[in-house]
Amino acid sequence: MSSSSNPARTFDAPMSLAEFRQPPSRFGLAPFWFWNGDMDEERIRQQVHAMKKAHVGGFFIHPRQGMTLPYLSHEFFSRVRTVVQEAAELGMEAWLYDEFPYPSGIAGGVLTANYPELRARVLQHHTRNISEGEAVRWELPLGRAVCALAVPRRDGKLDWEDALDVREHLGVVLTRDELWLWPMGHIPYNEKRYMADEGALVLEWTAPPSSGKWQLVVGLDCEQRGHKYFDVWFDPLHPDAAPRFLELTHERYAQSVGEWFGTTIPGIFSDEIEPPQWSPQLESAVALDWNRVAPALWDSSFPDAASVRLKWRETALALFKERWEKPVAQWCEQHNLIWCAEKPTYRPSHMDIIAQPSTDAGHRRVDLGPEKLPMDLRANGRVAMGVAEQNGGCEVRCECFHSLGWGATLQDQKWSIDWLGATGVNRFTPHAFYYSSSGLRKFDAAPSFFEENPYWAHFDLLGDYTARLGLALSRGREVAPVALLYPTKRLWRRDKADGELWGELMNAMLEAHIGFHVVDAPTIVRATGREGSLEIGRVRYETLVVPPYDESDEEMDAALEVAKQNGLHIVRVRSANDAVRQVEERRILSVGDGFGRERPEVWASWRQTPQIETDDAQNILFLANTCEDALYAHVRVRCDSTHWEEWSLENGEVVPIAAISQREGESEFKVKLPPFGSALLVGQGRAQSGALPAQTRRTLVLDTSGEWNVTRDEPNALRLNRWRIATESGNSVAELTSGEFDDRDWTEIESLPLFYRDKRVSRDVELLPHANREPIWYRRTIESEIRPDEIELLIESDAIGGDWSAYLNGEELPRASFAPRALHGHDKTACSLALLWREGRNTLALCVREGASHRERGGIRVPLHLIGNFGVATSSDGARVLTEPVRSASFFDLDGAGMPHFAGTARFSKRFPVATYTNYDELVFPREFEDIVQLRINGRDAGVRAWSPYAWTIPPLDVNKGEEIEVEVAITNTLLRFFEGRVWNAVTGERRNV
């Protein structure tokens, strides 16, 4: 299939202001909605409504680890139907995700359980050096011997031509002896039985005497084991894999919610599926003597290893497309669904069967800067948008924000959306919204950007912004007259210099604002010539940039010949600077600094709608400032539009732009971009007569010095992360819960599962060796200067693995006294401690008896919290102390305000002389800010700012000159302090524990 025949949505009509202000759902955020809990029916309805209220356009139903609802059961599909029906009533999109959890293809393990013949295989390779005359007994894993060779070593090199086939010297042994005591009633003469297991292959071979050194080389076809989630994996190249997978998953969805296919359910998403490194299907498809050539797959010294690998890879990709991708794509096409897929991609044309290509990028906060265009094509928006438009579409999705951590802000998300949009992405799928963030679930590639976050009340700001940007970046076609040819075979050889040059080429053109697409050679060949250009789908290329490629590459030669025949401007390059210099003379867009130099920190995307009857072509230019400095961009654009406006992505307002200069077919104007800021410029029709009046705003930077009054909207919190831990050891419950009990010799630990895996050192860690269900005691003391009127113990669902009992100062806290408590998520319980709390030392003790089948689930697995009306101080020895609530502190100093673990909205207020403000129009914040801010002046709401610029118009002040005004700043932070006890300010770079 040369191009996608699945439904591809295009939007050619000019963007209207009414549509821009109220964009349809299809353009908005559509997060992965992690189904990772019990999936209560009423709760999931509420969450759909919460997303709608936050202006989220849709969601992907993503079954995920932690889900207790059985995947693919009747009950599962009943819940799917519930949320799809809810989405339909609310006008939202409900996308499907085709797996549990991921990667796609194994149907939650059911595929290989039902069809074991589909299990994946791997090729293990083993080598051993021996000397002449040496007799070898070599034990190997049990598997099918694809190759077994004895290779002589001559002059320090392996002589593959004279390799000996030693397969006949392989055999099987059982390696582990066992004694069974096995009385058999019907045979009373013997009760002992010798048994053995753990079969292995053994190679017994003796090197010929006087023959020098040898290397034994064995390649074994074995079942793939140790794959995440289900241990085994499947082979997508098997001809039965795709049909069986579709029966188990897609067909079940069609039976359950098929009436919404193509409407409320636009499509289905596949994730990270790719051809295997080894498959018996490949072995039979590539006609080679594998006993002789298999070493080429892992040993570069093998003669002609590069060509063997190239043939192997090309065959693997062809089989994968034919046997896996085509059946899935065709099924979606037949059911009026968009097939959206994010997968490892090895050349651009491998995306051409996907109706909506998806990328995996946007995994940085502002501290690291934007991700440059990578060699990894699955994370490259330029490549994906090029393929989408070459195949008649215009939508490119990005699975973004994976693993940004609980400190990620709306500033981080908006900034990432900006530079992703400038690279070609126009559909944004945050990874992820969690149904539940309780217990260990909160660490599933955190964070969740959903309703547990304090900033959720303001998430509609990002929802509106993204929907408007998605709308704008979908209109018409990209203005990308330059095709950058992809040298497939040269890059597949993985030469470092070639790879570096390729990356430099892409990023040099991105930073020079040269509109380009990465184009595969076969795509050029199928293009249509049009007056010195090539048309492919929705794009027209006038220049072909040709990087170095191998002389023997027939694909590249054919593409170059087509370009020559159709009169394209051909640019052969040896360096990135050379490419930019040669394309410079044909530049149609410049985003500079006013002195003739391009601004590489500003990324740009330019789209143009076709001229339809009386409608002029609409030019849409998006600029993203990727850096932390405010700057001016001098924009020069060659097009017919001479009337330009800036359309606000935040609020939909429109402001005309005054041109610096204007001549036939070209406009130049100056745009101010705040730190991490953006601008959407829309050009259409002819310029209006008359110059626009210049506007000068008098700006005041907020004076944050001195003490500010402090209040908060949510309870304060003390994170209970460190505990002393031991087994019961013969002590009574009364002793173990008493404040007088001496626990100084107990081990102090963090709140972690009693048994977990440390991937940093590749080992398992057991915090406290113990027998299953043996009582484990945790103790924690808290000094307190007060008896708070409000103080509760807050425990997340699944925070404690096993049966547990809690005690305060020797008194048990009955489980019946714990009631549901919605604070930073719905799945928590709390118990009031006010009656038992003391001034002085308080002892909190928990007894945990593991009740789960897996040891990883036992113990206090995540911190507990004290919440209430108190302050938190730190003693000289580092211990936490509860104090009276702090009433004043330095501006947004949560530590100084006694709120080191607080998550929510803290209000800082202060009075200033009115004369301080009367001569200014605008109030701005210091630049190191990153949280959400709501400003009130004399009780009048000036608005909410969720990202840069933190600037407000000062409202009229109805006061006398000698009076004071009150400035109140409500600051809403993230869950990082509360969940992890950390500060990570991505703007200032501050990182510390609290």
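## A tour from Thr249 to the cysteines

Start by selecting threonine 249, which is buried at a relative accessible area of 0%. The model on your screen is a predicted one. Threonine 249 sits in the loop that links helix H5 (241-248) to H6.

Show the side chain of threonine 249 and look back toward H5. A polar atom of that side chain lies 2.7 Å from the backbone oxygen of phenylalanine 245. Now display the surroundings. Once neighbours within four places in sequence are set aside, the contacts of threonine 249 are Tyr71, Leu72, Asp98 and Ala107.

**Next stop: the two helices on either side**

Colour H5 and H6 separately. Their axes come within 3 Å and cross at roughly 30 degrees. Angles under 35 degrees count as roughly parallel, and H5 and H6 are therefore described that way. To see where they touch, pick out Phe245, Leu246, Glu247 and Leu248 in H5, which meet His250, Glu251 and Arg252 in H6. Phenylalanine 245 is worth keeping on screen: besides meeting H6 as part of this group, it supplies the backbone oxygen for threonine 249.

**Over to H3**

H6 leads us to another helix, since H6 (250-257) is among the elements covering the buried residues of H3. Select residues 74-90 to bring up H3, a helix of 17 residues. From first C-alpha to last, H3 reaches 25 Å, close to the 24 Å expected at 1.5 Å a residue.

Which residues of H3 are buried? Highlight Phe76, Phe77, Arg79, Val80, Thr82, Val83, Val84, Glu86 and Ala87. As you turn the helix, bear in mind that an α-helix has 3.6 residues a turn, so residues three or four places apart point the same way.

Now add what covers those buried residues. Besides H6, the cover includes strands E1 (32-35), E2 (58-63) and E3 (93-97), along with helix H2 (41-53). Before leaving, step just past the end of H3 to glycine 91, where phi is positive, at about 75 degrees.

**Last stop: the cysteines**

How many disulfides does a search of the whole structure find? The count is 0. Two cysteines let you check this yourself. Go to cysteine 332, which is buried at 0% relative accessibility. Its closest cysteine sulfur is in cysteine 340, at 10 Å, too far for a bond.

Then move to cysteine 398, also buried, with a relative accessible area of 0%. Here the closest cysteine sulfur belongs to cysteine 400, and the 4.8 Å between the sulfurs is again too far for a bond, as a disulfide needs the pair within 2.5 Å.

Definitions and conventions. Residues numbered from 1 in each chain as written. Predicted model: local features only at pLDDT ≥ 70, side-chain atom pairs only at ≥ 80, totals over all residues. Heavy atoms only, no water. Buried < 20%, exposed > 50% of the residue type's maximum accessible area, 1.4 Å probe, protein only. Helix = DSSP H or I, 4+ residues; strand = E, 2+ residues; numbered from the N terminus. Expected span 1.5 Å × (residues − 1). Contact = heavy atoms within 4.5 Å. Polar contact = N/O pair within 3.5 Å; in protein donor to acceptor, adjacent residues only side chain to side chain. Axes fitted to C-alpha atoms, helices over the stretch in contact; angles between N-to-C directions. Parallel < 35°, antiparallel > 145°, perpendicular 65-115°, else oblique.
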